[in-house]
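Dear colleague,

I am passing on the structure we spoke about, with the sequence alongside. Please have a look at it first; my notes follow underneath.

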Amino acid sequence: MFSIPSRSCKYVLNTLMQTFQSKNLAHAAKESTVPILITELLLWLLDERVPRMDDGSQLLKALNVLMLKILVSLLLEI
């Protein structure tokens, strides 16, 4: 987890955020991958080491925003 620089994490999170901001792209996410993504995000949010990373507080905020975007996109599909 921590062999990846925080900058790379930011790029991945930004890409995922852009994906879930687009209704078409969010809808295209496979049903089987969304639960895996949510699980991974929850693990990152609960990991005590994340706040100690470079820009850890910003990463936590980005993780929270991404989780919110995913959940909202799922609610809009119902």
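For a chain of 78 residues, a compact globule would be expected to have a radius of gyration near 12 Å, and the chain in this predicted model has 13 Å, which agrees with that expectation. Along the principal axes, the C-alpha trace spans about 35 × 20 × 20 Å.

As to secondary structure, the chain contains four helices and zero strands, so that, read from the N terminus, the order of elements is α-α-α-α. Among the contacts in the chain with a separation of 6 or more, 70% are made by residues 24 or more positions apart.

Turning to the surface, the accessible area of the chain comes to about 5,700 Å², and carbon and sulfur atoms account for 60% of that area, while buried residues make up 28% of the 78 residues. The chain carries 8 positive and 7 negative side chains, and the centres of these two sets lie 7 Å apart.

One residue I looked at individually is alanine 62, which is found in helix H4, spanning residues 56-77. Its relative accessibility is 17%, and because the cut-off for buried is under 20%, alanine 62 counts as buried. If neighbours within four places in sequence are left aside, alanine 62 is in contact with Leu13 and Met17. Proline 51 lies eleven residues from alanine 62 along the chain, and the C-alpha atoms of the two are separated by 12 Å.

With best wishes

Notes. Residues are numbered from 1 along each chain as its sequence is written. This is a predicted model: local features need pLDDT of at least 70, side-chain atom pairs count only at pLDDT 80 or more; totals for chains, interfaces and linings use all residues. Side-chain values use heavy atoms; hydrogens and water are left out. Helices (H or I, at least four residues) and strands (E, at least two) are DSSP runs, numbered from the N terminus. The radius of gyration is taken over C-alpha atoms; the globule rule is 2.2 Å times the number of residues to the power 0.38. Buried means under 20% relative accessible area, exposed over 50%, partly exposed in between (1.4 Å probe, protein chains only). Contact means heavy atoms within 4.5 Å. Accessible areas come from the Shrake-Rupley method with a 1.4 Å probe; for residues, only the protein chains shown count as cover. Lys and Arg count as positive and Asp and Glu as negative; His and the chain ends are not counted. The place of a charge is taken as NZ of Lys, CZ of Arg, CG of Asp or CD of Glu.
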